[in-house]
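Visitor: Please show me the model, and let me ask how its descriptive terms are justified.

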Amino acid sequence: MIIEEETKRKTKVIFVCTGNTCRSPMAEFMFKDYLRAKKRSGDFVVSSAGLVAQRGDTLNPTADKALDVLGIKHNKDRKARVFTVQMSQENDLIIAMTESHAERCGNGDNVVSFEQLIGTFVGDPYGGSLADYLDCAALMRSAFDRILALCDGLKSNGAR
């Protein structure tokens with residue numbers, strides 16, 4: 001009897017903002033936590049990048065504090081990454097904070113903005129208070145069920 005091994009390909013999701021020090025890394029760590037809670041983390045590779053990120057920048061201290069307050073496991077020493085054409089091609093789903101970010105990501109079939117998901121963009125909390133970062137986190141979190149449904153739709157449609 002020949003047993004065929006089913007190779008399970010993980011869905012690759014990347015969150016994109018401007019500098020990759022506040023919104024997109026917060027979304028990355030929060031979505032990973034969300035997937036763990038749903039017992040789905042093994043199905044995904046989740047990352048983040050910034051359109052004009054400065055390589056080597058670390059997580060904004062207030063973003064770090066917001067994630068601590070929310071009890072989200074994260075690495076405060078993670079390094080910012082610049083969004084590249086290669087990333088746009090290798091990720092199944094690109095989630096942009098704003099429509100402008102989505103356009104700069106190529107606006108392809110695999111690009112979606114928070115505006116499309118929840119009807120509003122995710123504003124940049126940079127320079128704001130802890131409350132601003134927590135509000136930003138709550139806004140992003142409100143889209144996670146829709147993001148998961150989109151990812152499941154990609155798998156069922158055999159995309160990528």
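Visitor: How do you know where helix α1 lies, and what is its direction relative to β2?
Guide: This is a predicted model, in which local features need pLDDT of at least 70, side-chain atom pairs count only at pLDDT 80 or more, and totals for chains, interfaces and linings use all residues. Residues are numbered from 1 along each chain as its sequence is written, and side-chain values use heavy atoms, without hydrogens and water. Helix α1 (residues 23-37) lies across β1 and β2, in contact (heavy atoms within 4.5 Å). Its angle to β2 is about 170 degrees; angles over 145 count as roughly antiparallel, under 35 as roughly parallel, 65 to 115 as roughly perpendicular and the rest as oblique. The pair is therefore roughly antiparallel.

Visitor: Why are α1 and α7 called roughly perpendicular?
Guide: Their axes, lines fitted to C-alpha atoms over the stretch in contact, cross at roughly 75 degrees. That value falls within the perpendicular range, so the term applies. The α1 side of the contact is made by A27, M30, F31, Y34 and L35, and the α7 side by F144, D145, I147 and L148.

Visitor: What makes β2 and β4 edge strands?
Guide: In the open sheet, ordered β2-β1-β3-β4 with parallel pairing, β2 (44-50) and β4 (111-113) each pair on one side only.

Visitor: How do you know that β1 and β2 pair?
Guide: Pairing requires that DSSP find at least two bridges between two strands. Strand β1 (residues 11-17) and β2 share seven parallel bridges, so they pair. T11 stands opposite F44 in β2.

Methods. Helices (H or I, at least four residues) and strands (E, at least two) are DSSP runs, numbered from the N terminus. Axes are lines fitted to C-alpha atoms, for helices over the stretch in contact, and angles run from 0 to 180 degrees between N-to-C directions.
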